[in-house]
Amino acid sequence: MKIDILLGLQWGDEGKGKVVDVLTSKYDVIARFQGGPNAGHSLEFNGIRHVLHIIPSGIFHKEKMNIIGNGVVIDPIIFEEEIDALIAMGLNPTENLQISKKAHLIMPTHKLLDAAYEAKKGKSKIGSTLKGIGPTYTDKTARTGLRICDLESPNFEEKYQNLINQHKEILDQYHFDYSEVLPELDKKWKAALSTVRKFKFIDSEYEIYDYLQEEKTILAEGAQGTLLDLEFGAYPFVTSSNTIAAGAFTGLGLDPHYAGKVIGIVKAYCTRVGSGPFPTELFDQTGEQLRAQGNEFGATTGRPRRCGWLDLVALKYALMINGVTDIALTKADVMDNFDSINICTAYKVNGELTSRMPTASDAVIEPVYTTLPGWKEDISKCKTYDELPQVFKDYIAFIEKETNTKVSIVSVGPDRDATIFRD
């Protein structure tokens, strides 16, 4: 039995939540392998939009097990808010959600450190979501962080206070005033632990291995996007974890030989939240049209997303380092009204034509476009691939030829039913 991996191939916000939700019926277990509440996975069904930040996107299927893996960082306050929302819908997440004992906890002071670091950067800020993600992963690397298993320790309060005091020393060095906000944050954080403790804490690597021996089907769910990967994104404008397929093995404790399909989610255009390079970004009316029609505002931050044309140079890079076997194309319906559509097929970097992503984040990039005709039809009502307009099929064929990868799934709307499988 193999484990399939699903992840984003751009700068996040590709529609992973919806695709996981749609695919969940094919799997027994959904396991989130990295990131934290800086991710916002949006799902829509029965006309209602749901946003998950920490909990795997298979949670709405009561008969499926969901696992928060060791590579994830958890904010108890946000976790509690998500659980309360699920319970209000009539779900009982304690029955089908488990948490790795090795997952790290986002503490109240991690958020304050995030704000202090970002303020210090000034114009060089990276566009952090200020959810405390970076400082939590920093403590993890420095071997000073708190994990879920520490909640079971008789010395938890002592460990917690020692780390809080360390953080206060750093905040004092940054002249960051936490005197008013920290007591309330601390109170809410500790209260939220009662919700976290209601769930089963597991050694997820053992549990997942046992599931595989039982021939259970497993989908590993990533967060953010490939181009935000700590190693392979446009550093330093990246997140603090490994968002690529390799991250699933360390984020869940997997033996790599269990790798099955790698399903890459690609938006029909590109978006980005925060600072950093974005070669195909549009600053004109077309960009505004994409933002308005695509409702491109961050599910986590509410910030307007930067919008631009599909970038095949970046996409082919993401396909290569992830070993993608199948593309899921999302939000093509947003471009139903365009007369023509540009796709970036090459870069000019310092005047030289290239098909490679530059390493330096400050490289001067000029996108080279191929223009395709728009389909000028409403594709949101299409239920099968045959019903799609030929011009749109030609658009898909162009992507497949350029990337040498099959577009196996086409999303033509936000609802889970607006999904076309080509197999």
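**Entry 1: a pocket**

A pocket, as I use the word here, is an open set of grid points with protein on both sides within 12 Å along at least five of seven lines. With that in hand, and keeping in mind that this is a predicted model, I looked up the second largest pocket and found a volume of about 290 Å³. I then asked which residues come closest to its centre, and of the 18 that line this pocket they are Gly233, Ala234, Met357, Pro358 and Thr359. Sorting the lining by character, I noted 13 nonpolar residues, three polar ones and two charged ones.

**Entry 2: helix α10**

Next I turned to helix α10, residues 312-322, and asked how many of its 11 residues are buried. The count is eight, so the helix is largely enclosed by the rest of the structure. I wrote down the buried ones as Leu312, Val313, Ala314, Leu315, Tyr317, Ala318, Leu319 and Asn322. What covers them includes the strands β1 (3-8), β11 (259-267), β14 (310-311), β15 (326-330) and β16 (340-349), together with the helix α11 (390-403).

I also looked at both ends of α10. At the N-terminal end, aspartate 311 acts as a cap, with a side-chain oxygen 3.0 Å from the backbone nitrogen of valine 313. After the helix comes glycine 323, and its phi is positive, near 65 degrees.

**Entry 3: salt bridges**

I looked up the salt bridges and found that the structure holds 18 of them. I followed some of these pairs one at a time.

The pair I took up to begin with is lysine 111 and aspartate 75, whose closest N and O atoms are 2.8 Å apart. It links distant parts of the chain, since lysine 111 sits in helix α3 (residues 108-121) and aspartate 75 in the loop between β6 (73-74) and α2 (76-88), 36 residues apart. Is aspartate 75 buried or exposed? Its relative accessible area is 0%, and because anything under 20% counts as buried, aspartate 75 is buried.

I then went to glutamate 157 and lysine 190, whose side chains meet in a salt bridge at 3.2 Å, N to O. Glutamate 157 belongs to helix α5 (residues 156-173) and lysine 190 to helix α6 (residues 181-196), so this pair ties together parts that are 33 residues apart in sequence. Here I noted that glutamate 157 is partly exposed, with a relative accessible area of 41%, and that lysine 190 is partly exposed as well, at 31%.

The next pair was arginine 306 and glutamate 281, joined by a salt bridge of 2.9 Å, N to O. Arginine 306 is in strand β13 (residues 306-308) while glutamate 281 is in the loop between β12 (270-272) and α9, so parts 25 residues apart in sequence are tied together. Arginine 306 counts as buried at 18% relative accessibility, and glutamate 281 is buried with a relative accessible area of 16%.

Beyond separate pairs, I found that salt bridges with shared partners join Asp13, Lys267, Glu296, Arg305 and Lys331 into one network.

**Entry 4: arginine 291**

My last look was at arginine 291, which I located in helix α9 (residues 285-293). The residue is buried, with a relative accessible area of 15%. What does arginine 291 contact, leaving aside its neighbours within four places in sequence? I listed Glu296, Phe297, Pro304, Arg305, Arg306 and Cys307. Among these contacts are Glu296 and Arg305, both of which I had met in the salt-bridge network, and Arg306, which I had met as the partner of glutamate 281.

How values were computed
Residues are numbered from 1 along each chain as its sequence is written. This is a predicted model: local features need pLDDT of at least 70, side-chain atom pairs count only at pLDDT 80 or more; totals for chains, interfaces and linings use all residues. Side-chain values use heavy atoms; hydrogens and water are left out. Helices (H or I, at least four residues) and strands (E, at least two) are DSSP runs, numbered from the N terminus. Buried means under 20% relative accessible area, exposed over 50%, partly exposed in between (1.4 Å probe, protein chains only). Contact means heavy atoms within 4.5 Å. A polar contact is a pair of N or O atoms within 3.5 Å; within protein, one must be able to donate a hydrogen and the other to accept it, and residues adjacent in sequence count only if both atoms are side-chain atoms. On a 1 Å grid over the protein atoms alone, a cavity is a set of points where a 1.4 Å probe fits but cannot get out, and a pocket is an open set with protein on both sides within 12 Å along at least five of seven lines; lining residues have an atom within 4 Å of a point. Grid points are joined across faces, edges and corners, and a volume is the space filled by probe spheres set on the points. Ala, Val, Leu, Ile, Met, Phe, Trp, Tyr, Cys and Pro count as nonpolar, Asp, Glu, Lys and Arg as charged, and the others, Gly among them, as polar. A salt bridge is a side-chain nitrogen of Lys or Arg within 4 Å of a carboxyl oxygen of Asp or Glu.
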